[in-house]
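Trainee: I would like a close look at one part of this model, taken slowly and with the surroundings filled in afterwards. Please begin with a single contact and work outwards from there.

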Amino acid sequence: MKFTTCAAALSSVAGIAQASAVSQEAHHEALNALVNLRRALPNSPEGYTPSDVDCPSTPPSVRLADSLSQNEAEWVQRRRSNTIEPMREFLSRMNITDFDAGQYIDNNRDNASALPNIGIAFSGGGWRALINGAGVLSAFDSRTDNSTNTGQLGGLLQSSTYIAGLSGGNWLVGSIYVNNFTTVTALRNDPTVWEFGNSILEGPPTGGIQILNTAEYYSNLLDQVEGKRDAGYDASLTDYWGRALSYQLVNASNGGPAYTWSSIALTEGFQNADQPFPISIADARAPDQTIISLNSSVFEFNPFEMGTWDPTTFGFMPTQYLGTNMTNGSVADNVRCTVGFDNAGFVMGTSSSLFNTLILQLNDSSLDIPDALRTAVGSLLSGIGSNNNDIADYEPNPFYGWNPTGNSYNADNRSLTLVDGGLDNQNIPFNPLIQPARELDVIFANDNSADTPTNWPNGSSLVQTYMRSMEPIGNGTAFPSVPDTQTFINLGLNTRPTFFGCDASNITSSSPSLDGSSNAVIPPLIVYIPNYPYVTYSNQPTVTLSTNDTYRDAMIANGYEVATMANATLPGYENWPMCVACAVLSRSFDRTGTEVPQACQDCFTQYCWDGTVNSSDPGTYDPQPRLEEINIQSGAMASARFSGVVVALVAFGTALALML
Ligand SMILES: *[C@@H]1O[C@H](CO)[C@@H](O)[C@H](O)[C@H]1NC(C)=O
Ligand SMILES: *[C@@H]1O[C@H](CO)[C@@H](O)[C@H](O)[C@H]1NC(C)=O
Ligand SMILES: *[C@@H]1O[C@H](CO)[C@@H](O)[C@H](O)[C@H]1NC(C)=O
Ligand SMILES: *[C@@H]1O[C@H](CO)[C@@H](O)[C@H](O)[C@H]1NC(C)=O
Ligand SMILES: *[C@@H]1O[C@H](CO)[C@@H](O)[C@H](O)[C@H]1NC(C)=O
Ligand SMILES: *[C@@H]1O[C@H](CO)[C@@H](O)[C@H](O)[C@H]1NC(C)=O
Ligand SMILES: *[C@@H]1O[C@H](CO)[C@@H](O)[C@H](O)[C@H]1NC(C)=O
Ligand SMILES: *[C@@H]1O[C@H](CO)[C@@H](O)[C@H](O)[C@H]1NC(C)=O
Ligand SMILES: *[C@@H]1O[C@H](CO)[C@@H](O)[C@H](O)[C@H]1NC(C)=O
Ligand SMILES: *[C@@H]1O[C@H](CO)[C@@H](O)[C@H](O)[C@H]1NC(C)=O
Ligand SMILES: *[C@@H]1O[C@H](CO)[C@@H](O)[C@H](O)[C@H]1NC(C)=O
Ligand SMILES: CC(=O)N[C@H]1CO[C@H](CO)[C@@H](O)[C@@H]1O
């Protein structure tokens, strides 16, 4: 038992000292008191170390992935009613010509399922995805200053039911939710988080809530993970990586070791269904295996459950009780339950495990790390074994013995190894959002992938998800037709928002199930929002250890312009906000048999991919900023082109950098 981390967590939260002297029960009580008092997040009794507790009267069990969980179904019902007012306000403000959106909502408000059901997805792509995505998210958030002015999109977030993040995109979603559904503006302005001027290898800036120096930073990291090992759990490089990430993403001392992913469900805002349902993505993969979209198992972590809809495992486990020794989907009589395994940083680290090996880059001499520390930490971390570098170990495997005929993938393994959600090349987290059970009508998908050698997206992620949806692995999901990646570039579909699947009647079937039958499923309409330079070159390499606040803020501003198309000031795109409203309403119009307003028909003509293909070699793709560049040089020439100036410690291969 290691109480030091818990003590640190407790005392940091409420100034309770000497927590190590109290019993576990007292810990629970103290924590419950804190939960009621303040934010509901640091609820792991022993900080980063998972704890044994008595199982609840209904012990945790694995369920088939054949529907929403009861918790989610109840929650979503409340959420959908709560989106009606924000949606009414948003759609009215988007001012669809000759159409009264307020009246439309009012006519259907007694039946929320007739109204639009919106999801938002943030792709992977390291810090680039986090920061550019942050600009997009802030544009959708009515809490951002001026975001509800004419030409802007504030309120789309408040109108949404689901939000999913993958890898760097989940650093964004995770930062928002783990910090009490805070705003991008607050995270940017807070001097203790999102400070990427300091390399993750050197630790956070000193002062404030954070610790003192690099040596102490490592001592804390190692101590926290050691506590987990001492309690009998396997630790992988992801544990260290997740802890390190937390110092940048979690607004609490020592990276908030007691913050769990499941505790999001305990926050007031979530319980009131005042915010969308957050989902993080990872893939299952054994060490040293490779996966592609057609043979990956996509796992999701939501505040209630962790598991997969894919036929390979087809089960869900309560997130809160991850770490519990499960057999055949249940807890044996003599076994106690585990809590605190689902550490929020560990979940964020799992989704982004591709970056694990960054933590091994200690030998870079430009880093301000004492030599003795460099050596000690270096040998400890490299001792973990290179085979396991990019996996996160979920041992005990919650799906051990579960559904042994269907669960070919991991029923026999005591350990479930998960990796970065982008490693199967589905870099946008569509999988949880195209599940028929979630009934989404439209997905706003912000793509910050580095598909081209110049680190811009080319639609590759959509292609992967589309192909997967037509195979048995897609297990009843459907996805709109999309063209090949050359066409994306040749037609400029990656230079501005593009809609896919506008004509619901053009998609009549989904992936065949294993017995060969196929159901008609209408997929959500996809609003593809690719990264593009507006006010800065937002194609920073995926692997970037540090940058400066000037560039960070320019990237956030860029993301804002990406989402709003420069607040609808680009010639020919003044109708963009109205067309966003049309995309939101499209499936609902179909359901309610409403004639599509002429203005929306014009929007669909302009923004929908019309089926045209041009697969010729597009050559080098090298877009230039659409607007005047923000000066990120602090006095130097504004035109100086960014070309790998960002300190990228890419000792581990360019292939990696190109992948996400
Ligand atoms: C969380 O955010 C809500 C809404 O802004 C606020 O009312 C509440 O006080 C916050 N809780 C904490 C613990 O900061
Ligand atoms: C709504 O659009 C009409 C033109 O279709 C315009 O005259 C009016 O000013 C717009 N209203 C707002 C609030 O932007
Ligand atoms: C609610 O709307 C859906 C979709 O338009 C429709 O199928 C259903 O019959 C409606 N339910 C009620 C009670 O009106
Ligand atoms: C919001 O708009 C006002 C008025 O144009 C301006 O003074 C203010 O700086 C803007 N705020 C932000 C954060 O852009
Ligand atoms: C971080 O926490 C402090 C203290 O609770 C709070 O004042 C601040 O607003 C928080 N920052 C963010 C970004 O939520
Ligand atoms: C997935 O498919 C790829 C390409 O065919 C193959 O190399 C890999 O071994 C497969 N992985 C699994 C887990 O089946
Ligand atoms: C788990 O299920 C298998 C059959 O699938 C059975 O042989 C085994 O005894 C079960 N184990 C437990 C602990 O129930
Ligand atoms: C998990 O529980 C089973 C009983 O269901 C037991 O046989 C096994 O030893 C336990 N594993 C661990 C690691 O405690
Ligand atoms: C768009 O609006 C945001 C927020 O008001 C502002 O910061 C930005 O400069 C605007 N961009 C353009 C091109 O007007
Ligand atoms: C319509 O469906 C066909 C067949 O799946 C597909 O080839 C075509 O691209 C689709 N058109 C559009 C615009 O999605
Ligand atoms: C910030 O970082 C960018 C990208 O590396 C660099 O071009 C710029 O000069 C830096 N600006 C400052 C003020 O350090
Ligand atoms: C819709 C569909 O095909 N669902 C299948 C998903 O996979 C599970 C497990 O193999 C099947 O039982 C479902 O029928």
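**One loop and its surroundings**

Mentor: A polar atom in the side chain of arginine 285 lies 3.2 Å from the backbone oxygen of glutamine 289. Please keep in mind throughout that this is a predicted model, and that the distances I quote are computed from its atoms. Arginine 285 belongs to the loop that runs between β5, residues 277–284, and β6, residues 297–301. Its relative accessibility is 7%, and because buried means under 20%, arginine 285 counts as buried.

Serine 293 sits in that loop between β5 and β6 as well. With a relative accessible area of 2%, serine 293 is also under the 20% limit and is therefore buried. A residue far along the chain comes into the picture here: serine 469 is 176 residues away from serine 293 in sequence, yet the C-alpha atoms of the two are separated by 9.8 Å.

Glutamine 289, the partner of arginine 285 in the contact we began with, leads us on to a ligand. Ligand 6 is surrounded by Gln289, Thr290, Ile292 and Asn295. A polar backbone atom of threonine 290 is 2.9 Å from a nitrogen atom of ligand 6, while an N or O atom in the side chain of asparagine 295 lies 2.4 Å from an oxygen atom of ligand 6. On its own, ligand 6 has 360 Å² of accessible area, and the protein covers 50% of it. When the residues of this shell are sorted by class, 3 are polar, 1 is nonpolar and none is charged.

From here we can turn to the enclosed spaces, of which there are 4 cavities of 30 Å³ or more. The largest cavity holds about 50 Å³ of space. Its lining draws on several stretches of the chain, including Leu166, Ile281, Asp283 and Val298, together with Gly421, Asp424, Gln426 and the run Ile428, Pro429, Phe430 and Asn431. By class, that lining has 6 nonpolar, 3 polar and 2 charged residues. If you look back at the residue ranges of the two strands, 277–284 for β5 and 297–301 for β6, you can look for Ile281, Asp283 and Val298 of the cavity lining there.

The second largest pocket, which is an open space, has a volume of about 360 Å³. Of the 20 residues that line this pocket, Glu439, Leu440, Asp441, Ile522 and Arg591 lie nearest its centre. The element that gives the most to the lining is helix α16, residues 576–592, which supplies 3 residues. The lining as a whole divides into 11 nonpolar, 6 charged and 3 polar residues.

Arg591 also has a place in the shell of another ligand, for the residues that surround ligand 3 are Asn111, Ser113, Ala114 and Arg591. An N or O atom in the side chain of asparagine 111 is 2.3 Å from an oxygen atom of ligand 3. Here the protein covers 35% of the 360 Å² of accessible area that ligand 3 has by itself. The shell of ligand 3 is made up of 2 polar residues, 1 nonpolar and 1 charged.

Ligand 9 has Asn146, Gln152, Tyr560, Glu561, Ala566, Asn567 and Leu627 around it. The shell divides into 3 nonpolar, 3 polar and 1 charged. A polar side-chain atom of glutamine 152 lies 3.2 Å from an oxygen atom of ligand 9, and a polar side-chain atom of glutamate 561 lies 2.8 Å from a nitrogen atom of ligand 9. The side chain of asparagine 567 places an N or O atom 2.3 Å from an oxygen atom of this ligand. The protein covers 56% of the 360 Å² of accessible area that ligand 9 has on its own.

A last stop is another loop, the one between β14, residues 442–447, and α13, residues 460–469, where proline 457 is found. Its relative accessible area is 0%, so proline 457 is buried. Its C-alpha atom is separated by 9.1 Å from that of threonine 495, although the two residues are 38 apart along the chain.

How values were computed:
Residues numbered from 1 in each chain as written. Chains lettered and ligands numbered in written order. Predicted model: local features only at pLDDT ≥ 70, side-chain atom pairs only at ≥ 80, totals over all residues. Heavy atoms only, no water. Near = heavy atom within 4 Å. Polar contact = N/O pair within 3.5 Å; in protein donor to acceptor, adjacent residues only side chain to side chain. Areas by Shrake-Rupley, 256 points an atom, 1.4 Å probe, with all protein chains shown as cover. Nonpolar A, V, L, I, M, F, W, Y, C, P; charged D, E, K, R; others polar. 1 Å grid on protein atoms, 1.4 Å probe; cavity = no way out; pocket = protein on both sides within 12 Å on 5 of 7 lines; lining within 4 Å. Points joined across faces, edges and corners; volume = space filled by probe spheres on them. Helix = DSSP H or I, 4+ residues; strand = E, 2+ residues; numbered from the N terminus. Buried < 20%, exposed > 50% of the residue type's maximum accessible area, 1.4 Å probe, protein only.
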